[in-house]
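Trainee: I'm new to this one and would like a close look at a single part. Could you pick one strand, show me what sits around it, and then work outwards from there?

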Protein chains: 2
Amino acid sequence: MIRHTVAFRLKHPSGSAAEQDFLRAACALAKIEGVQKFECLRQTSLKNSFTFGLSMEFANEAAYAFYSEHPEHSRFVQERWIPEVAEFMELDYVTCVP
Amino acid sequence: MIRHTVAFRLKHPSGSAAEQDFLRAACALAKIEGVQKFECLRQTSLKNSFTFGLSMEFANEAAYAFYSEHPEHSRFVQERWIPEVAEFMELDYVTCVP
């Protein structure tokens, strides 16, 4: 299991139609083959400046790469993410058994 | 559901006994009442400098507060987290339905 997450803040005003439209477009990424447990999240800690998050899981590196290179993902990044996201941080996780 | 996560990097060398000991101590936090879906994670993205993560869920704000204020959590923060963690970022999430 690989969990791919990204915390982000939009350029749009909080509660705006543009914000909702962006989040709905992001949720469409869940339909890409191999994406599991897709979640749209609101970031609530006051200890950072991010306001939303996305989380999804992949069975393995191949499935993650298929998603990353998928034309629908690339188009979303170019047409929505880059112009509309003010700041973001990607965090990817695998299970750790100490 | 409130998902409390923290990404972090230890002062200890990668693969060291001290690293393992810290992670095992962190895992003991899972026993605090109200902690659900506790996960010890390795952070694998090269787009940030964190190397581990913890994730847990709480049913509500009261359960989260009970954890935060629990003596075992406070002791862990004072005796292990502050002296052994080089950098960290907390991210808390709730479900968002756009």
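Mentor: Sure, let's start with one pair of residues: F8(B) has F52(B) as its bridge partner in β3(B). Keep in mind throughout that this is a predicted model.

That pair belongs to a longer match-up. Strand β1 of chain B, residues 2-10, is joined to β3(B) by seven bridges, and these two strands run antiparallel. β3(B) itself covers residues 52-58. It also pairs with β2(B): five bridges join them, again antiparallel. One example there is Q36(B), whose bridge partner in β3(B) is E57(B). So much for the neighbours of β3(B) in the sheet.

Now, is this strand buried or exposed? Mostly covered: seven of its seven residues count as buried. To picture that, think about the two faces. In a regular strand, side chains alternate between the two faces of the sheet. In β3(B), F52(B), L54(B), M56(B) and F58(B) are on one side, while G53(B), S55(B) and E57(B) are on the other, and both sides are covered. Notice that F52(B), the partner of F8(B), and E57(B), the partner of Q36(B), turn up on opposite sides in that list.

Next, follow β2(B) out to the other chain. Strand β2(B), residues 36-43, is joined to β4(A) by three bridges, and the two run antiparallel. Within that pairing, Y93(A) has Q43(B) as its bridge partner.

That brings us to the interface as a whole. In total, 28 residues of chain A are in contact with 28 residues of chain B. Together the chains bury about 2600 Å², with 61% of it on carbon and sulfur atoms. On the chain A side, Y93(A), C96(A) and P98(A) lose the most area to chain B, together 24% of what that side buries. Y93(A) is thus a residue to look at twice, once for its bridge to Q43(B) and once for the area it loses.

There are charged and polar links too. The rule finds four salt bridges across the interface; one of them joins the side chains of R3(A) and E39(B), at 2.8 Å from N to O. It also finds 14 residue pairs in polar contact. The elements giving two or more residues to chain A's side are β1, α1, β2, β3 and β4 of chain A. Of these, β4(A) gives the most, with seven residues. By class, that side has 14 nonpolar, seven polar and seven charged residues.

Conventions
Residues numbered from 1 in each chain as written. Chains lettered and ligands numbered in written order. Predicted model: local features only at pLDDT ≥ 70, side-chain atom pairs only at ≥ 80, totals over all residues. Heavy atoms only, no water. Contact = heavy atoms within 4.5 Å. Buried area = accessible area lost by both parts, 1.4 Å probe. Polar contact = N/O pair within 3.5 Å; in protein donor to acceptor, adjacent residues only side chain to side chain. Helix = DSSP H or I, 4+ residues; strand = E, 2+ residues; numbered from the N terminus. Nonpolar A, V, L, I, M, F, W, Y, C, P; charged D, E, K, R; others polar. Pairing = 2+ DSSP bridges. Buried < 20%, exposed > 50% of the residue type's maximum accessible area, 1.4 Å probe, protein only.
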